[in-house]
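Reader: Before we discuss this model, please explain the terms as you go along.

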Amino acid sequence: MTQTRERVEAWLGAFESALRDRDGERAARLFAVDSFWRDLVAFTWNITTVEGRAGVAALLADRLEDVDPSGFALTEEPSEADGVTEAWLRFETRVGRGTAHLRLRGGEAWTLLTTLRELKGFEEARPQGVEHELRKGRRSWQEEREREQATLGRVEQPYVVVIGGGQGGIALGARLRRLGVPALVLDRHDRPGDQWRKRYKSLCLHDPVWYDHLPYLPFPANWPVFAPKDKIGDWLEMYTRVMEVPYWSRAEVRSASFDADSGTWRVVVQHDGESVELRPAHLVFATGMSGKPNRPALPGQDVFRGEQHHSSEHPGPEAYRGKRVVVVGSNNSAFDICGALWEHDADVTMVQRSSTHIVKSASLMDIGLGDLYSERAVANGVTTDRADMIFASLPYRIMHEFQIPLYERMAERDADFYARLEKAGFRHDWGDDGSGLFMKYLRRGSGYYIDVGAADLVADGRIKLAQGQVDRLTEDAVVLDDGTTLPADLVVYATGYGSMNGWVADIVDRATADRVGKVWGLGSDTTKDPGPWEGEQRNMWKPTQQENLWFHGGNLHQSRHYSLYLALQLKARYEGIPTPVYRLQEVHHTS
């Protein structure tokens, strides 16, 4: 037995002994003074991180007896590098089985990740597909599907209703289907995938294929590294059918209200011209991080004679050849739209209102993602699930420390590019602490562009650049706060999206939205992510201050990974398993 393995097994033995003796204080002393335990549902029926020995002791004092953890054991040989020992583990609780990741420094736990992977007695099972017992009235697979489609939501009520049928809602629907939880995904579009098909034609995933697989059904070997929007749309439609996700298209949710006495929601839906009332126990908003547009209200919008729309409504560049276009914003959508308009001979001006972080796609793929999500990673045995777990094992409190060196390398590699960009007057930043794109995404969900060519057009002056805030519109121009006048036939507001609880305000009411509070962000007290520190994404994939109301979404990676933990929480409630929540999400900000 190697010294590394001996070190890990000694720690595990001491940890399990303390847990068995219900001695949380003794278990906490096995952690470093500066340490982190991140739990995804297994111990807390929540997604939460506790810090330091006091945090560990408090969690165990509250949850140890009920959880009854046991069986912590290595699943493979541990590794050691730079004074840190890493180990992959399995364990059990009273009601489930889990996977864990441990980092030791100096013989003490530095980070611990515990995740619930399945519930005992309710494991995912492959469906039989046919009854091998002849009887009168036996239905075929197709007949059973037709019966379900005809009765769900009318004769039989779903236990869960998911509002939003993009990748997040579909992934969650597939998880719930495998777990046997009656659920219904609602979407206002005509077909699954229309959320992607109806966006501007140049839209393409900036994340690589290895980062973007959906649960159960990875993309095939011929899938492009960066998937075009229409291809993603077709995949989502196919996925919905193959995974048998109960899904209503052309379903507009008009209102929802919660009856605390019955513990059910009343959801009024306009479906194919018919008003339907659904009565689920749980309501999930999977309306997307980029779902509720921020549309600025500006003086002169009513007198502007040209066309104006939010970036989410931009139809593509074809109709604007030779037109003067002002794009307000300087993040991903703004650059994508500006680049496509330039390709179609429009006269394009980008209005940069605040500094933006830009990273070249090739550098991000190599340095930022290459060790986890790439052909190189796959060749090294890093599957998508393993990569998800590695990423999840880094507590948000210290994640920026791992990111800063990566972006320093990118800055050095692409120094000439950044020099050209800044010489053109573009205001560039690396995040408040130099930690770059991922931390900006996790903290605020905005403020960056993955460059696939358009930044060079700005650096070269082929896309014009203006700086400042929009003061007003005239009949034929955009006027900035310094008096600069930008003639325009089209104004595109690439002004981002609001917090997902804005959908709750629209569909339920403002009081419920405020009770839940802001969705997304870590409380890092950096730009657009106000404190106090919360340690996890606000309100995402976990219980909220509104009973039986949940939020799900994020990018494809998050939709895939966290849909498991949300589905397990809903399954436990469906089966009547007690789910006492440790440290329910506090509300510090309402929007």
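**Cavities and helix H13**

Author: By class, one nonpolar, three polar and four charged residues make up the lining of the largest cavity. The model is predicted, with local features needing pLDDT of at least 70 and side-chain atom pairs pLDDT 80 or more, while totals for chains, interfaces and linings use all residues. Residues are numbered from 1 along each chain as its sequence is written, and side-chain values use heavy atoms, without hydrogens and water.

Reader: Which residues line the largest cavity, and what makes a residue of that lining charged?

Author: The lining consists of Gly-431, Asp-432, Met-439, Lys-440, Arg-443, Arg-444, Thr-526 and Thr-527. Asp, Glu, Lys and Arg count as charged, Ala, Val, Leu, Ile, Met, Phe, Trp, Tyr, Cys and Pro as nonpolar, and the others, Gly among them, as polar, so Asp-432, Lys-440, Arg-443 and Arg-444 are charged here.

Reader: What is the volume of the largest cavity, and why is it called a cavity?

Author: Its volume is about 60 Å³, and the term cavity applies because a 1.4 Å probe fits at its points, on a 1 Å grid over the protein atoms alone, but cannot get out; lining residues have an atom within 4 Å of a point. A volume is the space filled by probe spheres set on the points, which are joined across faces, edges and corners.

Reader: Which residues of helix H13 are called buried, and why are they on the same side?

Author: In H13 (residues 415-423; a helix is a DSSP run of H or I, at least four residues, numbered from the N terminus), Phe-417, Tyr-418 and Leu-421 are buried, meaning under 20% relative accessible area with a 1.4 Å probe and protein chains only. They cover an arc of only 95° around the axis, taken from the directions from the helix axis to the C-beta atoms, and therefore lie on the same side of H13. Asp-416 and Lys-423, on the other side, are exposed (over 50%).

Note on methods. 1 Å grid on protein atoms, 1.4 Å probe; cavity = no way out; pocket = protein on both sides within 12 Å on 5 of 7 lines; lining within 4 Å. Helix = DSSP H or I, 4+ residues; strand = E, 2+ residues; numbered from the N terminus.
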